[in-house]
Every structure is written in structure tokens, then in C-alpha cells.
Amino acid sequence: QRKVPHLNLIASKLFSAATLNELVTELLNSEAWADMTTRSSQRKIDSFCFSSLLIGEPKWGQISKRHKDEGGFPPPADCIDSVPNRLACIKPLLKEILNLAQQQFCWNSNDTIVPIQCFLCLYDAEASCPSHVHFCRQVTCSLGADRLFQFWEEKYDHHTNDNDKSNNNNNGNPQTAKKHHHKESQVRQVRRRDVLCQHGDVIFLAGNQHGVPQLLGNANDDDPNNLRVSLNLFFTTKEDLRLGGVTVNGSMTKPPPPWLVAWNNHTQEQTEQNEH
């Protein structure tokens, strides 16, 4: 099963609760939040880009030309310098998230991540984010109030089918048994998971459909205990870029891009090897 990995920054002793509490307070007091409204949802956002080229879906030729003309994309550590002054408070957290992304999502020791965009969302009780996908990788860090987060995981069931039912009866003859083969197939299933994200939770996504529903019940929008901030790092890797199809703007009606198909196969093979 291709599970979505996650951890908690406080439980992992990467940050103290007090440090993250101070960060939430600074972010809630920011005057840079802008309203984002769609037909079915509303929330407040703030964002900045590391590489505007990768917001769309560039061709490998464009990317290669940039590498030649500009010396390539900046190393992940240098991206901290791209954080605007209004969000300087997130630099320590972003640095750690970049490190986690490098550890979690590279194809091999020679691969490296390429940050694309940092996108922050502020949710009150009525705010929500409709279900959607990105055709890039993503780390989501939840800060503040507990909030339901929905995402979809892939699961592969293995089925073995006999070519001929009579194959099951070979009268104990090993030579006869060798002539008969079992055909194994994979059936892909997608299931939704509802996770109550807590203060400091980090979830790693690779093309997974996901969303944040409204709070149910009689939640008070004015209650600061109902406010949640999510820090979302959109990124890719150099190998993803070579395989093609990287874009922040994914679509649930389009087939997955080449890099994601290859990554799903890669992680599935790793899971099978670990099981055996």
C-alpha cells in the first residue's frame, strides 16, 4: 500500500510547542492575508514563489535552458533567502521542512529537491479548501487549532488467476504443474483518509487528492482556538523534472503526469520488496 507519510514536529523534538505557538501568533497578526474565494469555499492566503517557471508546466527544454543560462535552480538551503520580510518568522520552520522534503522524496542520493512555491492558508471555522490535486510534490505543516484534513491514498490488491481451472489438479505430477502458470495482476484502489491534523503535524503528498472541509457543529469564527494556519511547500526534484509533467496546477480530470506514474511504480516496488 502506498501510504502518505507524516510526522509531528513537536513529538519528533524538531520544535518545541512554545516555539510553534509563537510562530502561530506572529502569523495570525500578519496584515498580508488576502481573501481567496471560490464557488464552494473561502479562506485567507499568503504566498511567494521560489521558481515561477514551475508554477505552470514547463517542457524539459525550457528547464535545461534555464540551467544553462542561469546556472540551474538555487540549492534548497539558498531558498531561505527568498522568503519575503513579511514572513521572516517562518524561516526556521521552512528550513526544517526543506530538509524533511529532501530526506523523504528524492529518488536516490544523487537527486535533489527543487522548491517551487510556499503557500500559506488561514482557516477559521467556516473556511475550507475544496478537494484538488497538484502535479508536484507537497509538504503541508499544520499549525494552531486541530482541523480535519482529507486525502486519498492508493492501494494495490494482488490477484492471482489461473489460466485454466484444471491447473489446480495435476494429479501430483510436478512436470504437469510446471506447464501451468498463474497470472498475477494488480487492482488499483483509492481510498479517502480523514486525519485530524494537530499542532505541528506534517504530511507529505505526491500528487494525492486532498482538501480541508468546514468545521461541523456550532463552531465560533471569532474564537482564536478555532484558527488554523497551514504552511504548504510545493516542490519537485531534478529527476521529476527530467521525467516530465511537473506543475503546481494539477487536474483531477487528467491522467497523472509521467513523473508521478514513475514515482508510484517506484514506491510500490519498494513496498513489495520490504514486505518480502
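**Close-up views of a predicted model**

**View 1. Ala34 and Ile45 mark a place where two neighbouring strands are bridged.** In strand E3, the residue that serves as the bridge partner of Ala34 is Ile45. This pair can be read within a wider pattern, since strand E2, residues 34-37, and strand E3, residues 42-49, run antiparallel and are joined by four bridges. Together E2 and E3 make up a hairpin, with four residues lying between the two strands. As in every view that follows, the structure shown here is a predicted model.

**View 2. Ile45 also has a bridge partner in strand E4, namely Cys121.** Strand E3 runs antiparallel to strand E4, residues 113-123, and six bridges join the two. Although Cys121 and Ile45 are 76 residues apart along the chain, their C-alpha atoms are separated by 4.5 Å. Is Cys121, a residue of strand E4, buried or exposed? Its relative accessibility is 2%, and because buried means under 20%, Cys121 counts as buried. Leaving out residues up to four places away in sequence, Cys121 touches Trp33, Arg43, Lys44 and Ile45, and also Arg228, Val229, Ser230 and Asn232.

**View 3. Seven strands are arranged side by side in an open sheet.** Reading across the sheet, the order of the strands is E1-E9-E6-E11-E4-E3-E2, and the pairing is antiparallel. Strand E1, residues 6-8, and strand E2 stand at the edges, and each has a single partner strand, so one side of each is left without a neighbour in the sheet. From one strand to the next, the twist averages 25°.

**View 4. Helices H1 and H3 are shown together with the strands that they meet.** Helix H1, made of residues 17-28, packs on the sheet and touches E4, strand E6 (137-144) and strand E11 (228-237). The direction of H1 makes about 95° with that of E6. Helix H3, made of residues 91-105, lies across E1, E3, E4, E6, E9 and E11, and it runs at about 45° to E11.

**View 5. Ile90 is one of the residues that touch the most other members of the largest nonpolar core.** This core holds 60 residues, and the others that touch the most members are Leu27, Leu93, Leu94, Leu143 and Leu231. Which strand gives the most to this core? Strand E4 does, with nine residues. When its neighbours within four places in sequence are left aside, Ile90 is in contact with Leu23, Leu27, Phe48, Val83, Cys118, Leu120 and Leu231.

**View 6. Lys13 sits in the loop between strand E1 and helix H1.** The backbone of Lys13 deserves a careful look, as this residue has a positive phi of about 60° although it is not a glycine. Lys13 has a relative accessible area of 74%, and because exposed means over 50%, this residue is exposed.

**View 7. Asn208 lies in a loop, and its side chain reaches the backbone of another residue.** The loop in question is the one between strand E9, residues 201-206, and strand E10, residues 210-212. Is Asn208 buried or exposed in this loop? With a relative accessibility of 4%, Asn208 counts as buried. The side chain of Asn208 reaches the backbone oxygen of Trp152 at 2.9 Å.

**View 8. Val195 belongs to strand E8, which is made of residues 182-197.** The relative accessible area of Val195 is 18%, and because the cut-off for buried is under 20%, Val195 is buried. The C-alpha atoms of Val195 and Phe149 are separated by 5.2 Å, while the two residues are 46 residues apart along the chain. Not counting residues up to four places away in sequence, Val195 touches Arg147, Leu148, Phe149 and Phe151.

**View 9. The whole chain is shown as a setting for the close-ups.** The chain contains six helices and 11 strands. It has 276 residues, and buried residues make up 44% of them. Among the contacts in the chain between residues at least 6 apart in sequence, 84% join residues at least 24 apart. The chain exposes about 14,900 Å², and 46% of this is supplied by carbon and sulfur atoms.

Technical notes: Residues are numbered from 1 along each chain as its sequence is written. This is a predicted model: local features need pLDDT of at least 70, side-chain atom pairs count only at pLDDT 80 or more; totals for chains, interfaces and linings use all residues. Side-chain values use heavy atoms; hydrogens and water are left out. Two strands pair if DSSP finds at least two bridges between them. A nonpolar core is a set of buried Ala, Val, Leu, Ile, Met, Phe, Trp, Tyr and Cys residues joined through side-chain atoms within 4.5 Å. Buried means under 20% relative accessible area, exposed over 50%, partly exposed in between (1.4 Å probe, protein chains only). Contact means heavy atoms within 4.5 Å. Accessible areas come from the Shrake-Rupley method with a 1.4 Å probe; for residues, only the protein chains shown count as cover. A polar contact is a pair of N or O atoms within 3.5 Å; within protein, one must be able to donate a hydrogen and the other to accept it, and residues adjacent in sequence count only if both atoms are side-chain atoms. Axes are lines fitted to C-alpha atoms, for helices over the stretch in contact, and angles run from 0 to 180 degrees between N-to-C directions.
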